[in-house]
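Take a look at the structure shown here. The notes after it walk through a ligand site and a pocket.

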Amino acid sequence: MVLNGPNLNLLGQREPEQYGSETLQDVEATCRAFAKNEGYEIDFRQSNHEGVLIDAIHEAGVKVKAGEMLGVVFNPGAYTHTSIALHDAIKGAEVPVIEVHISNVHARESFRHKSYISSCAEGIVVGMGTFGYQLGIQGLIHKRA
Ligand code: DQA
């Protein structure tokens with residue numbers, strides 16, 4: 001699963017100096033093509049709602065346990081810096097997560113330096129632009145396959 005949090009639906013038009021000019025649809029197409037080449041399918045999602053993201057993590061947990069999914073490449077957007085609920089969901093559902101941030105959050109405002117996701121993520125990709133999603137998928141395949 002490739003899961004995207006709040007405001008990532010605005011990719012391409014939102015602060016292009018931070019996030020580039022690709023839309024989320026472009027990212028989805030690239031992820032699907034990359035995964036297909038590796039022999040995998042992508043369940044690609046975006047939500048602006050914390051509870052919907054939590055439900056998606058729980059769903060992924062069930063599928064991972066059933067051997068139907070490798071894990072989640074997750075860009076939680078601003079919930080990264082606020083959501084203990086997402087941290088608990090990842091731990092509770094025992095989902096392998098690769099945390100992805102398009103921008104280098106550590107080179108930005110100090111409120112972006114704290115992540116509630118990193119301590120329960122298997123890996124982190126930061127500041128590699130939208131290419132980071134592919135790196136995340138590759139990392140998940142490398143760790144699981
Ligand atoms: C982001 C970084 C977050 O701080 C921000 O709130 C986002 C996007 C990134 O991909 O760089 O929405 O996760």
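What follows is a short tour of the ligand and its surroundings, then of the largest pocket.

## About the model

This is a predicted model: local features need pLDDT of at least 70, side-chain atom pairs count only at pLDDT 80 or more, and totals for chains, interfaces and linings use all residues. Residues are numbered from 1 along each chain as its sequence is written, and side-chain values use heavy atoms, leaving out hydrogens and water.

## Around the ligand

The residues around the ligand (a heavy atom within 4 Å of it) are Arg14, Tyr19, Asn75, Gly77, Ala78, His81, His101, Ile102, Ser103, Val105 and Arg112. By class, that shell has 4 nonpolar, 5 polar and 2 charged residues; here Ala, Val, Leu, Ile, Met, Phe, Trp, Tyr, Cys and Pro count as nonpolar, Asp, Glu, Lys and Arg as charged, and the others, Gly among them, as polar.

Now for some distances to oxygen atoms of the ligand. A polar side-chain atom of His101 lies 2.8 Å from one, and a backbone N or O atom of Ala78 lies 3.2 Å from one. For Ile102, a polar backbone atom is 2.8 Å from a ligand oxygen. The protein covers 99% of the 320 Å² of accessible area (Shrake-Rupley method, 1.4 Å probe) that the ligand has on its own.

## The largest pocket

How many residues line the largest pocket? There are 17, and Met1, Tyr40, Glu41, Met69 and Leu70 lie nearest its centre. A pocket is an open set of points on a 1 Å grid over the protein atoms alone, with protein on both sides within 12 Å along at least five of seven lines, and lining residues have an atom within 4 Å of a point.

By class, this lining has 11 nonpolar, 2 polar and 4 charged residues.

Note on methods:
Polar contact = N/O pair within 3.5 Å; in protein donor to acceptor, adjacent residues only side chain to side chain. 1 Å grid on protein atoms, 1.4 Å probe; cavity = no way out; pocket = protein on both sides within 12 Å on 5 of 7 lines; lining within 4 Å.
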